[in-house]
Structure formats: C-alpha cells, structure tokens
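Here are my notes on the model you asked about. Keep the structure open beside you and work through the points one by one.

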Amino acid sequence: MPRAILLLLILATHSIVASSQAEVKVSPDRPPPAPQFALKDFEGRVARLNDYKGKIVVINFWATWCAPCLAEIPEFVRLQRSYRNRGIQVIGVTYPPVNPARVRRLAVKSRINYPLLFGNRRIAKLYGVTNLLPVTIIVDRQGRLEARIDGVTDLQEVKKFLQ
Amino acid sequence: MKRTKCLAGLFAVLLFIPTGAQAQVKSIGMKLGGHLCSMCSFNIRKAVSLLDFGPKPEEVKITDFYQGLCEFTPKAEKPVRFADLKATLKRAGFNLISAEITVSGKLSRDDSGWRLEAGASGQRFELAGDGLGAEVEKGAAGVNFEVIGDWQTGGKSCEQCEVIRVRSGKTDARRSETGDAPFLDANSIGGPFVEEDAAAGMPPAPIRTTTPSLAVYKGGEVTLRYHFMQQHLGDLKVDHHEARLGFSYTPTPKLQFEGEVPYHIFSQGTDSAHNSGNVIGWIKYRFHNSLETGGDRQAAIRVGIELPTASKNVVSDPATNGAEFLRRQLLRIDGGLSTHMDAVYSRAKRRLVYGANVEGVMRSEFVGVRMGNEIRLNTDLEYILLPVEYRGPTNELRLILETTYLHKARGRINGQVVPGSSASEYYIAPAIQFAFNPRWVIEGSYQLPVVLNTGPQLLRTDRSVMFGIRFMY
C-alpha cells in the first residue's frame, strides 16, 4: 500500500514537472526553438512565425489596459523603423484578447508600424506569458529563442540581443 | 587560532560602531497616478531598480496597489534625484504624483536657508515649507536631524537642488546615543505610506467588490444583477425575477456616486406582470481610510434618495382595490420618494475581508400605499481562496458569507397603519465571487431565511438567488 502511494506521488510530481516544461524556458547553452504560431491580425489576416524565417523576430506581448505596455510601444516603433532593413521584425501580440476596434484605434494613434496579432491562451502559455505583462521574446534568425525580457523595456535593453 | 578569533571579534565590533556615515535617505514613498494594472508591480520594481540609487527590484515595496503607493530605501552611497525617479517611472508608463522622503543627516544653514546633509552620499537637501519653522528651527546647526517631507527637484537656490518640503522633523536623539535605528516610523506621522509586511511578503489588501462595498477604484463600475426570489403567503406562491442595473463613479478617493435602476417581473401560476421599479441614487462619503500591514480599514456613510419612478400604470388606488397592499408587494413597489441612510465599515487583512453596514430606509406613499420603514444590519465575511500566489485581482476567487437582519415597520394605506404588516427577519447567504481580471467580476449568492417573524399581511421569502456581473472602468 505505501508503495502504491509512493508511485502515485512520483506520477503526480512527474505530471507537474511535465506540464511546467510545456512553457518555454530560454537556456543560454542551447536555446530551444521558438513555438510556432498562426495568429490573426485585426484585419483577419493570419500571420505565422514561419513567415519571418531568417529574420530576428521581436515578439512583444502586451495589452491595451497595461500602462507599461503602452509606454514601451514608441520604443518598438522606433526599433522597427531603424532596424527594418537589417532583418529585424517586431510583432505585437495582444494578450489577453481585447476588442479589435480598440487595438486598431491604438495602432493608429501610436503609429504602430509592425503587425499586431491577437494572442490566445495557448500561445501565451507556450511562451510562458502567464502572470506578467509586458513580455518581450527575441527569436534569432534560426528560429530559436534568443532572449526573454520580463516587464517594461527600452531600445537599449532590446538592442543588446540584436547583434 | 586565538588570533583569528580576536580579529573576527574586532571586526564584529567595528561593524557595529556608530558612524556619521549612517546618515542617509531612509525611505522614499511614492504615490503613482493612473490606473495600475494587476501586473504593474513587477514593472514598477524594475523601473525603480534601474536608477543609480534604486535598490534591487525585490526591495521596492508596493504598499497599496490600488492607491498606487510604493516605498523603497535607496542605496545609501548614491545621491537621489526626484526628477530622475519621475522620468524613469514615466518611461515605464507610470505617473509619479508625489514622493515622500525620509532623510536623516546633519543640519546646517547658509544664506539661502536650512540644509540637511545625508552623510553616506554627501548629498545636501534644501529644506523648505511652511512647517519648517517650529521643528527645524529647534534643531541647531550641526546636530543630527531627521525630516519627513514632500520631495521634489528644483529649489530656491538652484534648479537642480533636491528640495524637501518638511512635514515633520526631529532631532535624532537616539542616533546621537546609539548611532542606529530610526526613531520615527511612517505610521506615527499619519502619512499615507505604510510598511508592507516584508517577512510575510503579502501583497496589499485586494480590492473590495462586494457589499458592503467600499471599493475605491478611480473611475467606477457598471453592475448587472439578476435576482430570483420565491415568496409565499398562505397558499399563494410567487416567483420574482428582478434585474438591477447599477453604476457608480468615484471622482476622488473620498467621494462616490452610485445609482441603481431596477426592472421587475413576477409570476404567480399562469399570471405574470412586469414593471419598472424606483430608481435610487446615492452619495457615499468615505470618511476613514487607514492602511495597515497587509490590509486596510475603511468606513463610509451613504445617503440615498429613492425616486418614485416605478410604473404607475400597474398600480391602482387602494380605496377601490382592497388587495392593493398585497399587489404592491407582488410588484415590489415599496413606496414613493424614500430616503436611505447607510453606515459602512470594512477591514481587509491579507486574505480575509470583513465588514458590516447598517441601513435605514424611510418611505413615503406611492398612490396611497407604502411598505414600512426598514432597518437592515448586514455583515460580510470574505476569504480569498485563489490565486494561491496573490498578485492582484486576476483569477481571484472569493468565498463569501453574508448575513442580513431586517426589521420592517408596519406599512400604511392612505395614511392608516396596516396591522400585521411588520416583520423581523434574519437571512444567511453563502456567496461566491470570481474576478477574471481587475475589470470583470462575476458573482452569485443563495440566500436562505433563518428566522422569519413575518406579519400575516406580508409575503414570506423562501429563497433568493442572485447572479451578477460587473465591469469596472
């Protein structure tokens, strides 16, 4: 009987560890591949991570009600403008889901010059975006997770990973 | 070996010898404006820690998330600068409304006025303010002094000076004797900043969203509640369905405006009817609010007016309809213009929230009939079950137990008292509330009567179920 309980405990622990491994952790030694996604923008077009193969992709998870997220948007606009020709692509992913009209208004107001996609729970979980916003993920040219920046960021902090 | 022990002992003694270098900026309290999202604390900590004088992120305490109060102790050896703090927070999306600084240092005076020199960083603060006289003037130049005041960059003598508008100051007597330990804590001066329970690491009290609600949420909320109630009187069995649309607006932390519009449907066997009810408007004044470790206490009074907006076409004159008193109960039209008075107290302590309110309603007649005046005593006990690691009202589950004691005086028809129309009732209502995020909350409760000492002219309530959804803007 005690063995059975021990076995159950081991199984339970294993399942917890397995579920936590579903989230992406950036390892400095061997970065894992970035989870693929296919998300819609506010015009209904589907964008995939694969569409940007060969580029450094800066994925910014944000929400319209998150003040720090809004504060860093101009930095990403600048980044996209300055680095577009150097094979760098910024993508904004709104999560949790919000009103598309509101995102569109904000995109116009902030002159956002990069794609804004609507995130979902699955993608957020895959990229480990659960309890914090904004989160910025940098995917290298090989499609591997290069870095993760938790919280509000600026151009200087992002640039460190774009060399 | 012996020599090693001696050296270690000497080193330990040296560590505790008081030095003038301990004079320093002891704490900086910040009041941030704007809407703080549930995920803001990380960003605030990160932004502050990026400053030269900023401590590690985990050393920035968010003392009251909903009022945007934070506190930290800067690095002792680095000079602090209000303008830099404001700018770095602005870059992170936060508006620094004001900052309170506590500095311990050496008092001096020059041509332009009093100065305080924080020994560790060598930074000199300009002291200003109307309250400067009594306290600072008492302290002679050269003595150790501690001041608490509003902090800003730019003073009389230079634009780059750091200025403290002194609110409170004292000679650091204990420092002179022992050279350690602050003698004045933030609570004792009645300022807005309090210490977080760092050991427990608990976040500040969560937002209150249930009755007796004292939620101070800049902006307001819109609430839609559906009530289903079963009543009976003898063999007469009635089902009530009522929708209540509520809204509130909180322009300042002390003032709140509230309103409620009811719509009611009742069915009795195959018969049914529907009608609008009386619109109620309230003004709430929150006269007491004290923050404490891991929570807060609040008290408010509320005055409301119930307007006679109920559908007139569904009622009839009691002179021609003997059963009109009962009909009004079926229609849930209790009277005409009425006054509501309400006193509320609540306390939040970590995961536990409790409170009570006493409410009185004085009614007037509506087309010849009114129900009795009422006194209610409500209590509310809440426990925040989820999330396990509390970061704010996101995926927050509360278990709630509400009780209500209701005393209803006798009603009147055309000014005449209706015998058997008074009641003393006691109800208990387990409830549940789930906040998806700081904006959306759903709630439900099931109310059961415990004591029904109800007059023979009144409908007796068997059960009542409520579902609600609220949006905070």
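**Notes on the two-chain model**

1. Let's start at an odd spot: right after helix α6(B), Arg332(B) has a positive phi of about 55°. Keep in mind that this is a predicted model. In general, most residues other than glycine have a negative phi.

2. Now look at the helix that comes before that residue. Is helix α6 (residues 324-331) of chain B enclosed or open? Of its 8 residues, 6 are buried, so the rest of the structure largely encloses the helix. The buried ones are Glu324(B), Phe325(B), Arg328(B), Gln329(B), Leu330(B) and Leu331(B). You'll notice charged names in that list, such as Glu324(B) and Arg328(B). As for what surrounds them, the buried residues of α6(B) pack against five strands of chain B: β10 (236-252), β11 (255-268), β12 (271-276), β17 (369-370) and β20 (412-413).

3. Two of those strands turn up again in a little sheet of their own. β17, β20 and β21 of chain B form an open sheet of 3 strands in that order, with antiparallel pairing. β17 and β21 (416-417) are the edge strands, and each pairs on one side only. Between β17(B) and β20(B) there are 2 bridges, and one to find on screen joins Arg370(B) to Arg412(B) in β20(B).

4. In the loop between β16 (352-362) and β17 of chain B sits Val367(B). Its phi is near 45°, which is positive even though the residue is not a glycine. Is Val367(B) buried, exposed or in between? With 18 other C-beta atoms within 10 Å, Val367(B) is partly exposed, because the cut-off for buried is 20 or more.

5. Next, strand β3 (residues 69-72) of chain B, a nice one for seeing alternation. Leu69(B) and Glu71(B) point one way, Cys70(B) and Phe72(B) point the other, and all four are buried. That fits the general picture, where side chains in a regular strand alternate between the two faces of the sheet.

6. Which strands does β3(B) pair with? Strand β1 (residues 25-33) of chain B pairs with it in the antiparallel sense over 4 bridges, and strand β2 (residues 61-64) of chain B does so, also antiparallel, over 3 bridges. Cys70(B) is a handy landmark: Met30(B) stands opposite it, and it is the bridge partner of Ile62(B) as well.

7. Zooming out on chain B, you'll count 6 helices and 24 strands. Of its 473 residues, 36% are buried. Among contacts with a separation of 6 or more, 65% join residues 24 or more positions apart. For a concrete pair, try Lys106(B) and Asn144(B): they are 38 residues apart along the chain, yet their C-alpha atoms are separated by 4.6 Å. Lys106(B) lies in strand β4 (residues 95-110) of chain B and counts as partly exposed, with 18 C-beta neighbours inside 10 Å.

8. Over to chain A, which has an open sheet of 5 strands in the order β5-β4-β3-β6-β7, with mixed pairing. β5 (116-118) and β7 (145-150) are at the edges with a single partner strand each, so one side of each has no neighbour in the sheet. From one strand to the next, the twist averages 20°. Helix α2 (residues 67-83) of chain A packs on this sheet, touching β3 (56-62) and β4 (88-94), and its direction makes about 155° with that of β4(A).

9. Still in that sheet, strand β6 (residues 135-139) of chain A pairs with β7(A) in the antiparallel sense over 5 bridges. Ile137(A) faces Arg148(A) in β7(A). In the loop between α4 (121-126) and β6 of chain A you'll find Pro134(A), and the peptide bond leading to it from Leu133(A) is cis, with omega near -10°.

10. Finally, where do the chains meet? The contact takes 14 residues from chain B and 13 residues from chain A. On the chain B side, helix α2 (residues 40-49) gives the most, with 5 residues. By class, that side has 7 nonpolar, 4 polar and 3 charged residues.

Notes. Residues are numbered from 1 along each chain as its sequence is written. Chains are lettered from A and ligands numbered from 1 in the order in which they are written. This is a predicted model: local features need pLDDT of at least 70, side-chain atom pairs count only at pLDDT 80 or more; totals for chains, interfaces and linings use all residues. Two residues are in contact if their C-beta atoms, placed from the backbone, lie within 7 Å. A residue is buried if 20 or more other C-beta atoms lie within 10 Å of its own, exposed if 12 or fewer, and partly exposed in between; C-beta atoms are placed from the backbone. Two strands pair if DSSP finds at least two bridges between them. Axes are lines fitted to C-alpha atoms, for helices over the stretch in contact, and angles run from 0 to 180 degrees between N-to-C directions.
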